[in-house]
Amino acid sequence: MDIAAIKKAITALVDERKTELTAIAEELYRSPETGLNEYKSAALLADKLAGEGFVLERGLAGLATSFRASFGEHGPAIAILAEMDALPEIGHACGHNIIAAAAVGAAIALRHVLPKGAARIIVLGTPAEELGIGKCELVKAGCFRDVDFAMMVHPSSKRQVFKMCLGLAKVHFTFFGKPSHAAAYPEEGINALDGAILTFNGINALRQHVRQDVRVHGIITHGGVAPNIIPEKAACSFYVRADDLTEVERVKNKVIACARGAALAAGCRLEVVEDERVLAPLKINRAFSALYSRQLAFLGLPESMAPADRNKGSSDIGNVSQVVPTIHPHVPIGDGIQIHSEGFARATVSEQGRTAVLEGAMALALTAAELALSSEQRDAIKKEFSLNVSKIV
């Protein structure tokens, strides 16, 4: 079977099983599970793949809801990533239900269409993306050492083949003061909440003196127990983002300095906890992206001309992209809807959301098929990856 026949067979199979595939996204939408709690979601995906003849491993990297489903013993190893976690209160407002359904659909199509021995197809169930945990732990555990290429799709308001991601570091501050009655004995108290508030004020002043790509945002996670009790404890958490990890580290140290100065001013003791999981920027591979673009052209789907460096977020897919050539294209589910909103979650199960599942499944499977059958494409992607050296701090 030549590549043209294989591509035709892939699109036909995905279309034939569209009801089954969109039902996966709808079931995850109805039963959203937050990071590291995706037990039903992971079981649904893994069991579906096991029923298609994939060999299953569960609980990778010490994560109970992670899994690896694979078939094939020869050829390039192509990993399709399936995120599955939801957000607190607003469910699948990041569209991971579409990501998971598209990954399963692509893998099933490849399982039934690719010639024997053409490739090793791997579906990795990657939990807790919203917490920045899943792929970081899988990378550290060596789960990508035998992978040659990695890919996934993400729902969006636009169809983009690549979009840049910011690096991200997380830091948590806890301030310790001294409780006292706020009216009767205010002079006896040390207000821990003052430390948290002064930290925010210091960071707001810092914003005047950072690069345009830098983002710093935080919340107060504990601010006291009652207005008439001077808070003996207060806590706040911050995310620090930038285009490169050197700048992330530099700004994070300035943010920590703001907290230390605030603690000194308020007379508090400060505890600083830095999350060791730093999210790397997405390492763009243009040869790999161009291969995906050709599949969109084959499907007759126009790409958005939106700039790739606008409205950037962060994801642990960046960590994967540092160790293996990776693509993270976006499939559209509706114009003008914003990620991490209730409207976005509803759009994942709209007619456009169902279409996005099928687009993602087809485009990923078509890309993987060309990778499997073209050593020239593989060599070009790997050459670019090897020349574009970066690292995770």
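Of the 393 residues in the protein, 53% come out as buried. The model is a predicted one, and the picture it gives starts with its overall build. The fold is put together from twelve helices and twelve strands. Its radius of gyration is 23 Å, which agrees with the value near 21 Å that a compact globule of 393 residues would have. Laid along the principal axes, the C-alpha atoms take up a box of roughly 85 × 45 × 40 Å.

As for how the chain packs against itself, 82% of the contacts with a separation of 6 or more are made by residues 24 or more positions apart. On the outside, the accessible surface adds up to about 16700 Å², and carbon and sulfur atoms hold 52% of that area. Charge is spread over 42 positive and 44 negative sites, and the mean positions of these two sets sit 3 Å apart.

Zooming in on a single residue, Ser157 is found in the loop that links β6 (154-156) to β7 (167-176). Despite its place in a loop, Ser157 has a relative accessible area of 16% and therefore counts as buried, since the cut-off for that class is under 20%. What does Ser157 touch, leaving aside residues up to four places away in sequence? The partners are Pro332, Gly334, Asp335, Gly336 and Ile337.

Definitions and conventions
Residues numbered from 1 in each chain as written. Predicted model: local features only at pLDDT ≥ 70, side-chain atom pairs only at ≥ 80, totals over all residues. Heavy atoms only, no water. Helix = DSSP H or I, 4+ residues; strand = E, 2+ residues; numbered from the N terminus. Rg over C-alpha atoms; globule rule 2.2 N^0.38 Å. Buried < 20%, exposed > 50% of the residue type's maximum accessible area, 1.4 Å probe, protein only. Contact = heavy atoms within 4.5 Å. Areas by Shrake-Rupley, 256 points an atom, 1.4 Å probe, with all protein chains shown as cover. Lys, Arg positive; Asp, Glu negative; His and termini not counted. Charge placed at Lys NZ, Arg CZ, Asp CG, Glu CD.
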